[in-house]
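Subject: Structure handover

Hello,

Here is the structure I said I would pass on. My notes on it follow below.

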Amino acid sequence: MISNETEVLPLSHVPLLEVKNLKTHFLTERGKVTAVNGVSFEIHPGEIVGIVGESGCGKSVMSQSIIRLLEHSDPIEYEGEIRFDGEDLLAVPLSRLRGVRGDEISMIFQDPLSSLNPVYTIGNQIEEVLRQHQKMSKKAARNKAIDMLRATGIPSPETRVDEYPHQLSGGMQQRAMIAMALSCEPKLLIADEPTTALDVTIQAQILELIVELNRTLGMGVLFITHDLGVVSEICTSVKVMYLGQIVEDTTTEKLFRSPLHPYTQGLIKSIPRMDGNRHEKLHVIEGTVPSLSDIPRGCSFSTRCPYADEKCFSEEPLMEKADVGHSVKCWHYARINSLEGRGA
Ligand SMILES: Nc1ncnc2c1ncn2[C@@H]1O[C@H](COP(=O)(O)OP(=O)(O)O)[C@@H](O)[C@H]1O
Ligand SMILES: [Mg+2]
């Protein structure tokens, strides 16, 4: 695990990204639905921040809102601020975002074909990014493209560089997309389940590459996943998302040692144990993530929470500081975790 509690100061005091009370509303035919509902957090240079939560919790909408990718396909309304290097990305024209994307901020997705163009070779596409964003000569861009393919573990990059996406296997395509996203040396990488579809060996190589660039370039990373095992390996801190909100926010070390929110506890209990009895029944969190048109009153997790009482069904808890660097959004976290009377 990379996190280290003795490392109190982040690499820089000035955040690279500051998300303040972000809300993302979709304007649908059946009315307005709120997929991201008041999210706030920071990423400093050199940090790897994990976002976890079940499918449908708003991780992808939140991460795509940061670079306003959704506006192209859906009617959207935002509230809040997204400060990147001091500039509010929600307040600038979309044309400015085009300069930021794939240059200062890169994004990688689960589906490589959403970023690779089928009619150009892999090399052409990486070279294009380098020539456009870093003003490299054709020859320098080609050499760097080959280097980046090599760095993602693609064998024989000198020949692969001239191939088209369809000539590569799924795992190679994923690595080529990652090479493209990282070739401009972004200040911030947003990775949305980038390795979920890959086999474990390739997944490990890609995680290693991301961590290496994070360490050598000080690249900030927002790493979205539903896999808590990956979080424990690479993330410095973690935000747990439920129904468009952050419900627990702390260091990776604390999250696994003393998870406070019943939702986080459920997620951790559902991790398959490598050393466990194979016939042991895996814990599941009862029920499913509610639809956005049916968000519960009070605490959004109340309908699935084993500890919920009247207060939880009627009043929304605030995010509360439970400990240094540990916040939680739950009325009863102190009682549930026997912290009452201990100054929590
Ligand atoms: N274009 C859209 N219009 C309306 N609702 C959407 C749209 N895209 C996503 N959603 C809803 O937003 C919520 C969060 O989705 P998403 O961010 O994809 O979840 P996650 O990435 O955590 O699995 C879901 O309820 C989903 O149905
Ligand atoms: Mg998603």
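How do the residues of the shell around ligand 1 divide into nonpolar, polar and charged? There are five nonpolar, five polar and three charged residues. Here Ala, Val, Leu, Ile, Met, Phe, Trp, Tyr, Cys and Pro count as nonpolar, Asp, Glu, Lys and Arg as charged, and the others, Gly among them, as polar.

Before the rest, some ground rules. This is a predicted model, in which local features need pLDDT of at least 70 and side-chain atom pairs count only at pLDDT 80 or more, while totals for chains, interfaces and linings use all residues. Residues are numbered from 1 along each chain as its sequence is written, chains are lettered from A and ligands numbered from 1 in the order in which they are written, and side-chain values use heavy atoms, with hydrogens and water left out.

The ligand

Of the 13 residues around ligand 1 (near means a heavy atom within 4 Å), G56, G58, K59, S60 and V61 come nearest. Oxygen atoms of the ligand take part in polar contacts (pairs of N or O atoms within 3.5 Å). One such oxygen is 2.7 Å from a polar backbone atom of G56, and a backbone N or O atom of G58 lies 3.0 Å from an oxygen of ligand 1. From S60, a polar side-chain atom lies 2.8 Å from a ligand oxygen. On its own, ligand 1 has 560 Å² of accessible area (Shrake-Rupley method, 1.4 Å probe), and the protein covers 67% of that. Two elements, β1 (17-28) and α1 (59-66), give two or more residues to the shell; α1 has the largest share, three residues. Helices (H or I, at least four residues) and strands (E, at least two) are DSSP runs, numbered from the N terminus.

The sheets

Strand β1 belongs to an open sheet of four strands, in the order β2-β1-β4-β5, with antiparallel pairing. Strands pair if DSSP finds at least two bridges between them. The edge strands are β2 (31-43) and β5 (87-88), each pairing on one side only. Between β1 and β4 (76-84) there are eight bridges, and E18 stands opposite R83 in β4.

A second open sheet has eight strands in the order β6-β7-β8-β3-β9-β10-β12-β11, and its pairing is mixed. Its edge strands are β6 (105-108) and β11 (320-323). Within it, β3 (48-52) and β8 (220-224) pair in the parallel sense over four bridges, with F223 in β8 as the bridge partner of G50.

Regards

Definitions and conventions:
A polar contact is a pair of N or O atoms within 3.5 Å; within protein, one must be able to donate a hydrogen and the other to accept it, and residues adjacent in sequence count only if both atoms are side-chain atoms.
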